[in-house]
Amino acid sequence: MIIVRNCFVAKPGHGSKLAAQIKEAAAAAAIPKYRVLTDLTGDFNRVIFEYEAENIGEFEARMKQYMTDEAFREKMKGYTDLWITGSREILQTA
């Protein structure tokens, strides 16, 4: 099993809006076992979208699905205007 984390540093005042938009999009795409996290320590305005996949193949298939899922794309419309920087972590469970 792998854990995928998409980590964003939102623009000041936009962290909660970004978190809400990601939650709506994840629900629209029926992503199983996801969660949206916000900072208590570390970088200010940090929003993390974390979900599980069985393996890298499932992750790749999901990424291809997102590119063609109109409901997901509509929910994510404009999200790039809400953050300054971001990164992705793919972690394997031990």
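Leaving aside neighbours within four places in sequence, which residues is F49 in contact with? In this predicted model, F49 is in contact with V4, R5, N6, I22, A26, I31, Y34, R35 and V36, once those sequence neighbours are set aside.

F49 also has a place in the largest nonpolar core, which holds 20 residues, and F49 is listed there with L18, I22, I31, Y51, Y66 and F72 as the members that touch the most other members. Several elements contribute to this core, since β1, α1, β3 and α2 each supply at least two of its residues, and the largest share, five residues, comes from α1. As a general background to such a grouping, nonpolar side chains in soluble globular proteins tend to be buried together.

From the core we can turn to the largest pocket, which encloses about 410 Å³ of space. Of the 19 residues that line this pocket, Y66, F72, M76, Y79 and R88 are the closest to its centre, and two of these names, Y66 and F72, will be familiar from the list of core residues that touch the most other members. The lining draws at least two residues from each of β1 (2–10), α1 (15–28), β3 (46–53), α2 (56–68), α3 (70–75) and β4 (83–92). Sorted by class, the lining of the largest pocket has 13 nonpolar residues, together with three polar and three charged ones.

Helix α1, which supplies residues to both the core and the pocket lining, also contains K23. With a relative accessible area of 47%, K23 is partly exposed, because that value lies between the 20% limit for buried residues and the 50% limit for exposed ones. Not counting residues up to four places away in sequence, K23 touches Y34 and V36, and both of these residues are also in contact with F49. K23 and M76 are 53 residues apart in sequence, while their C-alpha atoms are 9.9 Å apart in space.

Two loop residues deserve a careful look at their backbone angles. Most residues other than glycine have a negative phi. A30, however, has a positive phi of about 55 degrees although it is not a glycine, and A30 lies in the loop between α1 and β2 (34–38). N45, which is likewise a residue other than glycine, has a positive phi near 60 degrees, and N45 is found in the loop between β2 and β3. As for their surroundings, A30 counts as exposed because its relative accessibility is 60%, over the 50% limit, whereas N45, at 26% relative accessibility, counts as partly exposed.

Terms used. Residues numbered from 1 in each chain as written. Predicted model: local features only at pLDDT ≥ 70, side-chain atom pairs only at ≥ 80, totals over all residues. Heavy atoms only, no water. 1 Å grid on protein atoms, 1.4 Å probe; cavity = no way out; pocket = protein on both sides within 12 Å on 5 of 7 lines; lining within 4 Å. Points joined across faces, edges and corners; volume = space filled by probe spheres on them. Helix = DSSP H or I, 4+ residues; strand = E, 2+ residues; numbered from the N terminus. Nonpolar A, V, L, I, M, F, W, Y, C, P; charged D, E, K, R; others polar. Buried < 20%, exposed > 50% of the residue type's maximum accessible area, 1.4 Å probe, protein only. Contact = heavy atoms within 4.5 Å. Core = buried A, V, L, I, M, F, W, Y, C linked by side-chain atoms within 4.5 Å.
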